[in-house]
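This report describes a single protein chain, moving from one local site to its helices and then to the chain as a whole. The structure is shown below.

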Amino acid sequence: MASSSTGEDPLYCGPEDPSVLYLQPYHITESIISENDTDPFQPRKLDNNIFQAQMHDRVLGHIERMGFGGIYHCGKPKMLDASLIGALIERWRPETHTFHLPVGEATVTLQDIEVLWGLRVDGEPVILPQVNYPRQYWMETCLSLLGIEPSQAELKLGGFNASTLKDVVSHRLDDDLPEHYYMQHALFTTELGCSSACHFISLSL
C-alpha cells in the first residue's frame, strides 16, 4: 500500500513496505517527496482526424464487422485533463499495475475497455508471430492489406507515421471502387482510431 508511514520521519509519504513497491527509488513520487525538480508533463495532442473525416458507408460497414465500430461512434473526447492525467501518473505503480489512491487501489480492466469502447475482449488475440521477416515481406504485406508501401524510414520504425495514416483516412472514396479499396481504407481508419482511443484512456499506463 502507498499510505503514509508512521515511522521516525512523520513527513515521509512513501510506501510502508518497500518490499512490495520495490521501484520506489525510481518512481516520480520519490522526487516529489525529496522536493527535487521533475520534468514538466505535457500530454500529446489527441489526433482528431478519425472523428472529422467523412466516412464512406461501405468503409464503416467493414469497421463494424471488424468489431471497431464502437470507437468511431463514441466520437472525439471532449476534453483532455492534463492535471488529472498527471495525478494518475504519480499514483500508478508498475509493481502492482494499479493506481494507489487514498480510497484504495484501482486499475483499468478489459471489462472497462469493452464497456467504454464496445471492443471485444474475449477470444484469441490477433497478432503476428515474433518472426524477423525480411523487409520485402512487410512491403508486400502492407501493399496487399493497406494498398500502400511503407517508406524506408517507416520500415525502420516498425510502423506507419501518423501523417501517413491521416492522409489516407482523409481521402474521400468514390462509390464505384472495387470492394478491397474500402477494406483497405477501413484497416487504416481502424489503426488511426484505435491509436487515438487507446492513447486517451491509457496515457498514464
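## The side chain of E95

A polar atom in the side chain of E95 lies 3.5 Å from the backbone nitrogen of Y22. The model is a predicted one, and the values reported here are computed from it. The side chain of E95 also makes a polar contact of 3.0 Å with the side chain of R93.

E95 belongs to the loop that links β1 (92–93) and β2 (98–101). Its relative accessibility is 14%, below the 20% limit, so E95 counts as buried. Apart from neighbours within four places in sequence, E95 is in contact with V20, L21, Y22, L23 and Q24. Y22 thus appears both as the residue whose backbone nitrogen faces the E95 side chain and among the contacts of E95.

## Helix α7 and its buried side

Helix α7 comprises residues 135–145, and M139, T141 and C142 are buried within it. These three residues lie on the same side of α7, because they cover an arc of only 165° around the axis. An α-helix has 3.6 residues a turn, so residues three or four places apart point the same way.

The cover over the buried residues of α7 includes α8 (152–157). Just after α7, G147 adopts a positive phi of about 90°.

## L155 in helix α8

Which residues does L155 contact, leaving aside its neighbours within four places in sequence? They are R135, W138, M139 and P150. L155 itself lies in helix α8, and M139 is one of the buried residues of α7. The C-alpha atoms of L155 and M139 are 8.5 Å apart in space, while the two residues are 16 apart in sequence.

Is L155 buried or exposed? L155 counts as buried, because its relative accessibility of 19% falls under the 20% cut-off.

## The aromatic pair of Y137 and W138

Searching the whole structure yields 2 aromatic pairs. In the pair formed by Y137 and W138, the ring centres are 5.1 Å apart and the planes meet at 75°, so this pair is edge-to-face.

Y137 is partly exposed, at a relative accessible area of 30%. W138 is partly exposed as well, with a value of 27%. W138 is also among the residues in contact with L155.

## Q184 and the end of α7

Helix α10 spans residues 179–201 and contains Q184. With a relative accessibility of 10%, Q184 counts as buried. A polar atom of the Q184 side chain lies 3.3 Å from the backbone oxygen of S144.

Not counting residues up to four places away in sequence, Q184 touches L143, S144, L145, L146 and G147. This group includes G147, the residue with the positive phi just after α7.

## S31 in helix α1

Helix α1 covers residues 28–33, and S31 is found there. S31 has a relative accessibility of 23% and therefore counts as partly exposed. When residues up to four places away in sequence are not counted, S31 touches N36 and T38.

## The chain as a whole

The chain contains 10 helices and 3 strands. Read from the N terminus, its elements run α-α-α-α-α-β-β-β-α-α-α-α-α. Of its 205 residues, 30% count as buried. The accessible surface comes to about 13900 Å², and 55% of that surface belongs to carbon and sulfur atoms.

Among contacts in the chain with a separation of 6 or more, 57% are between residues 24 or more positions apart.

## Confidence

The average pLDDT of the chain is 75, and 76% of the residues score at least 70. For residues 1–7 the pLDDT is below 50, and this stretch has 19 contacts in the model beyond near neighbours in sequence. For residues 197–205 the pLDDT is likewise below 50, and there the model shows 20 contacts beyond near neighbours in sequence.

Where pLDDT is low, the predicted coordinates should not be read in detail.

Notes:
Residues are numbered from 1 along each chain as its sequence is written. This is a predicted model: local features need pLDDT of at least 70, side-chain atom pairs count only at pLDDT 80 or more; totals for chains, interfaces and linings use all residues. Side-chain values use heavy atoms; hydrogens and water are left out. Buried means under 20% relative accessible area, exposed over 50%, partly exposed in between (1.4 Å probe, protein chains only). Helices (H or I, at least four residues) and strands (E, at least two) are DSSP runs, numbered from the N terminus. The arc is that of the directions from the helix axis to the C-beta atoms. Contact means heavy atoms within 4.5 Å. pLDDT is the predictor's confidence in each residue, from 0 to 100. A polar contact is a pair of N or O atoms within 3.5 Å; within protein, one must be able to donate a hydrogen and the other to accept it, and residues adjacent in sequence count only if both atoms are side-chain atoms. Rings of Phe, Tyr and Trp (its six-membered ring) pair if their centres lie within 6.5 Å; planes under 30 degrees apart count as stacked, over 60 as edge-to-face and the rest as tilted. Accessible areas come from the Shrake-Rupley method with a 1.4 Å probe; for residues, only the protein chains shown count as cover.
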